[in-house]
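Here are a few short exercises to work through with the structure open beside you. Try each task before reading its solution.

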Amino acid sequence: MPLSGDLLRLADAVLFPGFTGHMPPDWVRRRLGGGLGGVVLFSRNIADAAQVARLTAALRAENPSVLVGTDEESGEVTRLEVATGSSRPGGYALGVVDDVGLTEALARDLGGDLAAAGINLDFAPSADVNSNPDNPVIGLRAFGADPALVSRHTRAFVRGLQSAGVAACAKHFPGHGDTSVDSHHGVPVVSDDGIEDALLPFREAIKEGVKAVMTGHLLVPSYDAELPATLSPKVLTGLLREELGFPGMIITDGIEMAAVAGAYGIGGASARAIAAGADAICVGGERADEATAAGIRDAIAMAVTQGLLPEERLADAARRVRELASWAASPGGQAPRDGSIGLAAARRAIRLTRRSTAPVLPLTSPAYVVELAPEMNLAIDRKTPWGVGEPLSRLLPDTVVRRLAVGDSTGPALERLLRESAGRPLVIVVRDVHRYAWQEQSLRHLLSARPDAVVVEMGLPARSDLGAVHIATYGSARVCGQAAAEVLTGAHG
């Protein structure tokens, strides 16, 4: 049976696809003219701020009320600054500083950059409580492991971002922190005894007036033992909409992720998510073609004709998307820009532990830097630059930088580095060393020969008793590396 044009337009109104290129392709322009509700920009769409402004202007030429969303969390997960690394640290560093005024100001500054580029929906902040230090996908993206701390910084981030006229989106409901599985690959399970702690930052974000909430593809047995949250009426309608009283737009995490699409396909998962209470479907991180977007639209419309999705529920979802678009289009105050706030925050987050009475710091001669580079999760663009070597080289010219991945870190390779570093200060840079056996082994090998080395942990520091001096940055953003380099050389403060 052919699907009516009105029904297809209604299905398009809840769809937020991604696409390739620095300007919108013809299919996106056509669909926007037909009522497509929004789009999602990824790093593949971004060269610089001026180009993004041209791109968003082209989108609005087809549909002035389009919502343009992106994952700009600051820190590790950055889209606007993927080419250079973020000029602001991520959530965990802000939580370590624990100054809600700073978090709000940084989020307002970020909102100013997004608004100037024409982006009016930011999939941030991560309101997850990172209570599992082995979490493979949240980690530094969270404000911390304490529910009360995460709650106050979530509220501050929401306030700052939305004061700049950019809708905040708290994620990943009902909380991805206490999990050990990455939902890009499987279905994480949230333990019953941790659910109330996980929900607290979302309750507080709702009190703060957050405009959107992103679902997590998580199984929460205490609410629904069978369906992940994105597909669960008990979680999205019963818990988020009714119990927590959230009135705004609910958008899914990437619907192509295996945790939901694996069982139902992308179209089937999309229709089930809308039926469960979601208002918008995010897609395109991995599948950014016209056929995928058309298939989702058709599957949602077909679900209505087959009685699986009430048309009233689809119309209600489209209404919430329109209401958010209306808010985002209303004139707001111009956020004052502060290009120094990110570095100031990164400096305040540094934690230094001295374990040697020898005067290891400041470094005054060219150093030898070994950076141990683990493979990051899919939320973090692999092209995002990070490290201490590059900013340290600017402060100490002739510094040598070597970067090793898991396959490079062999015994002979480490011995060669030790020979090359003889007579130079040795700086060893790691990321989440406690989560990677190869990093631990490599670090132990290097420190056994060079106990005078400085260790810089740019992930979560499980311990601070490594190296003659241990520096924890609580992030690997560009400014975190710069702040570490300043500490190493005594160049600041």
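**Exercise 1. Find which residue of S13 is the bridge partner of Val-429, and work out how the strands around S13 are arranged.**

Step 1. In this predicted model, Val-429 has Val-456 of S13 as its bridge partner.

Step 2. Now widen the view: strand S12 (residues 426-430) pairs with S13 over 4 bridges, in the parallel sense. Together with helix H15 (residues 437-449), these two strands form a right-handed β-α-β unit.

Step 3. S13 also has strand S14 (residues 469-472) as a parallel partner, again through 4 bridges. Here Glu-457 is matched with Ala-472 of S14.

Step 4. Finally, look at the side chains of S13 (residues 454-457): Val-454 and Val-456 point one way, while Val-455 and Glu-457 point the other way. That fits a general pattern, in which side chains of a regular strand alternate between the two faces of the sheet. All four of these residues are buried, Glu-457 included.

**Exercise 2. Decide whether Asp-381 is buried or exposed, and list what its side chain reaches.**

Step 1. Locate Asp-381 in the loop between strand S10 (368-372) and helix H13 (389-395).

Step 2. Its relative accessibility is 15%. Buried means under 20%, so Asp-381 counts as buried.

Step 3. The side chain of Asp-381 makes a polar contact with the side chain of Ser-43 at 2.4 Å. The same side chain reaches the backbone nitrogen of Lys-383 at 2.8 Å.

Step 4. Leaving out residues up to four places away in sequence, Asp-381 touches Ser-43, Arg-79 and Val-82.

**Exercise 3. Explain why S2 and S7 each have one side without a neighbour in their sheet.**

Step 1. Write down the strand order of this open, parallel sheet of 6 strands: S2-S3-S4-S5-S6-S7.

Step 2. Strands S2 (38-41) and S7 (249-251) stand at the edges with a single partner strand each, so one side of each has no neighbour in the sheet.

Step 3. Check the S2 edge: S2 pairs with strand S3 (residues 67-70) in parallel over 4 bridges, and Leu-41 is matched there with Thr-70. Helix H3 (residues 49-62) lies across S2 and S3, at about 165° to S2.

**Exercise 4. Identify the residues that touch the most other members of the largest nonpolar core.**

Step 1. This core has 93 residues, and the answer is Phe-173, Ile-255, Ile-300 and Leu-314. Helix H9 (residues 258-276) gives the most to the core, with 8 residues.

Step 2. Take Leu-314 as an example: beyond its neighbours within four places in sequence, its contacts include Leu-7, Leu-10, Ile-274 and Ile-300.

How values were computed: Residues numbered from 1 in each chain as written. Predicted model: local features only at pLDDT ≥ 70, side-chain atom pairs only at ≥ 80, totals over all residues. Heavy atoms only, no water. Buried < 20%, exposed > 50% of the residue type's maximum accessible area, 1.4 Å probe, protein only. Pairing = 2+ DSSP bridges. Right-handed = clockwise from strand over helix to strand, strands pointing away. Core = buried A, V, L, I, M, F, W, Y, C linked by side-chain atoms within 4.5 Å. Contact = heavy atoms within 4.5 Å. Polar contact = N/O pair within 3.5 Å; in protein donor to acceptor, adjacent residues only side chain to side chain. Axes fitted to C-alpha atoms, helices over the stretch in contact; angles between N-to-C directions.
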